[in-house]
Amino acid sequence: MDRPDSPVYAYMRSMLTILIVFAITCLLFVFYFRRRSYKRGVLLTGLCDSGKTLTFSQLVHGKYVNTQTSMKENVGEYIVKSGSVRVIDIPGHERLRDRFFDQYKSAALGVIYMLDSATVQKDIRDTAEYLYNILSECITSSISSVLIICNKQDLDLSKTSTIIKSMLEKELNAVRLTKGSQLESVDPKGQKTKYLGKKGTDFGFSQLPCNVQFVEASISSDSKNIEDIEMWLAKLCS
């Protein structure tokens with residue numbers, strides 16, 4: 001019988017080590033690709049009348065369809081070079097949006113947040129609070145990218161994406177202070193909460209761990225104008 005320090009035993013130990021490393025590597029690859037294929041959703045979010053459902057129809061169906069305020073989600077496939085991505089149009093109604101977002105967030109790679117550039121100043125508080133909730137979820141999940149679409153740029157009263165970004169940062173800073181005070185009253189030690197941005201300084205999108213990008217659009221029945229969205233989706237799924 002071969003001794004433990006013999007060449008045969010040494011060879012067997014080496015082969016066993018190689019097999020174990022190979023098996024672990026295979027398991028990691030399987031886990032990664034299964035997780036990648038599972039998380040292939042993009043959540044299309046925003047307030048009512050921001051143009052979400054029209055954008056959904058342009059992406060998924062390639063054409064304009066008559067839309068109205070959605071009371072349930074719309075789900076469809078958008079084809080990219082690497083396969084397809086599942087687009088979920090989340091209702092914008094305040095009583096529904098959080099429930100549907102929670103339902104689909106675990107399978108999301110990214111989030112599209114649409115807003116009406118012509119009414120954003122009037123709706124800035126509601127716009128910022130909804131966006132705050134979404135960004136807070138991105139911190140605690142593996143959602144890596146958020147695309148903010150400043151829609152309806154063709155209207156006379158529309159704001160540019162640069163102005164809207166500045167408005168949102170200022171309002172999100174105010175929302176953060178309000179939310180922080182509310183959370184401290186419930187959880188004084190703050191052990192179960194995540195802080196949006198950096199403490200001790202005004203909020204800025206650059207402080208977030210996820211990538212946040214702003215684009216301008218005028219998505220209508222006459223023009224698709226979704227090239228920036230398609231580029232973002234292709235990069236997200238690459």
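The following legends describe close-up views of a predicted model of one protein chain.

**View 1. Overall fold of the protein chain.** The chain contains 6 helices and 6 strands. Along the sequence, these elements follow the pattern α-β-α-β-β-α-β-α-β-α-β-α. Of the 238 residues, 40% count as buried. Among contacts between residues at least 6 apart in sequence, 74% join residues at least 24 apart. The protein chain exposes about 14,100 Å², of which carbon and sulfur atoms supply 54%.

**View 2. The open sheet and its strand order.** The sheet has 6 strands, arranged in the order β2-β3-β1-β4-β5-β6, and its pairing is mixed. Its edge strands are β2 and β6 (211–216), each of which pairs on one side only. From one strand to the next, the twist averages 25°. Strands of a sheet pair through backbone hydrogen bonds, in either a parallel or an antiparallel sense. The antiparallel sense is seen where β2 and β3 pair over 7 bridges. Within this pair, V75 has I88 in β3 as its bridge partner.

**View 3. Strand β4 and its two parallel partners.** All of β4 is enclosed to a large extent by the rest of the structure, because 9 of its 9 residues are buried. The strand runs parallel to β1, to which 6 bridges join it. In that pairing, T45 has Y113 of β4 as its bridge partner. The pairing of β4 with β5 (residues 145–151) is also in the parallel sense and extends over 7 bridges. Here D116 stands opposite N151 in β5. The chain passes from β4 to β5 through helix α4 (residues 124–140), and this β-α-β crossover is right-handed.

**View 4. Helix α2 and its surroundings.** Which residues of α2 are buried? They are K52, T53, L54, T55, F56, S57, Q58 and L59. Since 8 of the 9 residues of this helix (residues 52–60) are buried, α2 is largely enclosed by the rest of the structure. Its buried residues pack against four strands and a helix, namely β1 (41–46), β2 (74–80), β3 (83–89), β4 (108–116) and α6 (227–236). After the helix comes G62, which has a positive phi near 70°.

**View 5. The largest nonpolar core.** In soluble globular proteins, nonpolar side chains tend to be buried together. The largest such core in this model has 37 residues, and those with the most contacts inside it are L135, I148, L168, L172, F205 and V212. Two or more residues are given to this core by each of α3 (97–104), β4, α4, β5, α5 (161–186) and β6. Helix α4 supplies the largest share, 8 residues.

**View 6. Contacts of L168, and a second core.** Which residues are in contact with L168, leaving aside its neighbours within four places in sequence? These are L115, I124, T127, A128, L131, F205 and F214. A second, separate core of 23 residues includes F56, L59, L109 and I149. Two of these residues, F56 and L59, are among the buried residues of α2.

Technical notes: Residues are numbered from 1 along each chain as its sequence is written. This is a predicted model: local features need pLDDT of at least 70, side-chain atom pairs count only at pLDDT 80 or more; totals for chains, interfaces and linings use all residues. Side-chain values use heavy atoms; hydrogens and water are left out. Buried means under 20% relative accessible area, exposed over 50%, partly exposed in between (1.4 Å probe, protein chains only). Contact means heavy atoms within 4.5 Å. Accessible areas come from the Shrake-Rupley method with a 1.4 Å probe; for residues, only the protein chains shown count as cover. Two strands pair if DSSP finds at least two bridges between them. A crossover is right-handed if, with the strands pointing away from the viewer, the path from the first strand over the helix to the second runs clockwise. Axes are lines fitted to C-alpha atoms, for helices over the stretch in contact, and angles run from 0 to 180 degrees between N-to-C directions. A nonpolar core is a set of buried Ala, Val, Leu, Ile, Met, Phe, Trp, Tyr and Cys residues joined through side-chain atoms within 4.5 Å.
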